[in-house]
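Here's a structure to explore together. Have a look at it, turn it around a few times, and then we'll walk through some of its parts.

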Amino acid sequence: MPFSNIFGGATFVALSLNISRINIIKQVFMALFGLSLIGLFLNISINELLIAALMTWLPALLLVMLIKKTRSLTLTVQLLAVFSVFFLSLFFWFIKQPVLFWNEILINVSEVLNQGGLVEQANLLTKSITTIAQQMTIIVIAMTWSIYSIILILGCAIYRESNNQEYIFGNFTDLNFGRFLAIMTAISSLFLFIFDVDWLTNLAYLCFSFFWLQGLSFIHWLHQRRIFPRIGLILTYVMLPFLNILLIMLLAVVGYTDAWFNYRDRIKN
């Protein structure tokens with residue numbers, strides 16, 4: 001999902017928090033009608049516009065409904081993590097051979113790249129197709145959770161700034177997944193040493209990957225307390241696209257250990 005879609009989803013969340021559910025639905029239909037008119041001038045098919053809108057607005061609308069129920073940013077992000085674990089379980093329940101499933105999808109992607117003239121990228125994908133297929137489940141679910149969590153966090157931040165309500169729904173700097181998810185991560189990792197099962201491997205990595213967002217929130221908290229310099233925070237975001245896997249793993253380590261040792265309270269004391 002491009003950055004523009006993430007920012008668009010966050011803006012939609014912020015706007016939707018200000019209006020009632022019926023008005024939100026009206027706004028969606030009006031926006032879809034406007035996009036359809038734009039698509040006619042830009043030669044973009046209605047199907048492409050609808051898919052893009054559904055991937056951005058429908059989840060954003062569901063996020064708004066959920067956070068209005070929970071009244072807590074932390075609890076809502078935690079629930080999204082639980083939903084992701086549940087979806088992972090369903091995926092492995094219905095898809096008996098995930099590697100073959102992703103192999104077929106990646107082969108189709110490779111063919112599309114070839115047809116689009118991206119021969120080099122298609123060949124690179126074909127050479128690494130088995131390795132990529134083994135990691136696709138965790139990549140897709142973890143990325144989806146991360147994207148929609150970021151959309152929610154940004155949307156709440158925009159909403160707070162526009163309404164001058166600093167503590168409504170809680171702050172991102174206080175995000176903490178708590179001991180329950182940390183214990184689940186530890187148990188799944190422990191069983192992984194005993195049972196070499198694909199779904200258990202994916203569960204352990206997925207639970208651990210959640211904590212990168214808590215690690216990032218801790219860095220924001222340090223910056224807020226004037227412990228971590230602004231240039232360090234900027235560099236973290238600048239380096240994220242280049243050192244994405246390494247940096248996310250480092251942030252996950254920080255977030256995971258923070259869940260056990262609660263660095264914020266220790267620093268305050």
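**How the helices cross**

Let's start with a pair: helix α4, residues 73–94, and helix α7, residues 129–163, have axes that come within 10 Å and cross at roughly 160°. An angle over 145 degrees counts as roughly antiparallel, so that is the word for how α4 lies relative to α7. If you want the handedness too, this crossing of α4 and α7 is right-handed. Keep in mind as you look that you're viewing a predicted model.

Which residues do the touching? On the α4 side you'll find L73, T76, V77, L80, A81, S84, F87, L88, F91 and F92, and they meet T137, I141, W145, S149, L152, I153 and C156 in α7. Sort the residues of this contact by class and you get 13 nonpolar, 4 polar and no charged ones.

Now stay with α7 and bring in another partner. Helix α5 covers residues 98–115, and α5 packs against α7 at an angle of about 105°, with 8 Å between their axes. Angles of 65 to 115 degrees count as roughly perpendicular, so α5 gets that label relative to α7. From α5, the contact uses P98, V99, W102, N103, L106 and I107, while α7 brings I129, T130, I132, A133, Q134, M136, T137 and V140. The class count for α5 with α7 is 10 nonpolar, 4 polar and no charged residues.

Further along the chain there's another crossing to find. Helix α10 (residues 211–224) and helix α12 (residues 244–261) have axes that come within 6 Å and cross at roughly 80°. That angle is why α10 and α12 are called roughly perpendicular to each other. Here F211, W212, Q214, G215, L216, F218 and I219 of α10 meet I248, L251, A252, V254, G255, Y256, D258 and A259 of α12. This time the contact of α10 with α12 divides into 11 nonpolar, 3 polar and 1 charged residue.

**Two threonines**

Let's zoom in on single residues. T185 sits in helix α8, which spans residues 178–194. Is T185 buried or exposed? Buried means under 20% relative accessible area, and T185 counts as buried because its relative accessibility is 3%. Skip its neighbours within four places in sequence, and T185 is in contact with A204, C207, F208, F211 and Y256. You've met two of those names already: F211 belongs to the α10 side of the α10 and α12 contact, and Y256 to the α12 side.

Next comes T257, which has its place in helix α12. With 22% relative accessibility, T257 counts as partly exposed. Leaving out residues up to four places away in sequence, T257 touches N262 and Y263. Try locating Q214 as well: T257 and Q214 are 43 residues apart in sequence, and their C-alpha atoms are 9.9 Å apart in space.

**Stepping back**

Now zoom out to the whole chain. How many helices and strands does the protein chain have? The count is 13 helices and 0 strands, so reading along the sequence gives you one α after another: α-α-α-α-α-α-α-α-α-α-α-α-α. Of the 269 residues in the chain, 38% are buried. As for the outside, the chain exposes about 16200 Å², and carbon and sulfur atoms supply 69% of that.

Finally, think about how far apart in sequence contacting residues can be. Take contacts between residues at least 6 apart in sequence: 72% of them join residues at least 24 apart.

Terms used: Residues numbered from 1 in each chain as written. Predicted model: local features only at pLDDT ≥ 70, side-chain atom pairs only at ≥ 80, totals over all residues. Heavy atoms only, no water. Axes fitted to C-alpha atoms, helices over the stretch in contact; angles between N-to-C directions. Helix = DSSP H or I, 4+ residues; strand = E, 2+ residues; numbered from the N terminus. Parallel < 35°, antiparallel > 145°, perpendicular 65-115°, else oblique. Left-handed = near helix turned anticlockwise from the far one by under 90°. Contact = heavy atoms within 4.5 Å. Nonpolar A, V, L, I, M, F, W, Y, C, P; charged D, E, K, R; others polar. Buried < 20%, exposed > 50% of the residue type's maximum accessible area, 1.4 Å probe, protein only. Areas by Shrake-Rupley, 256 points an atom, 1.4 Å probe, with all protein chains shown as cover.
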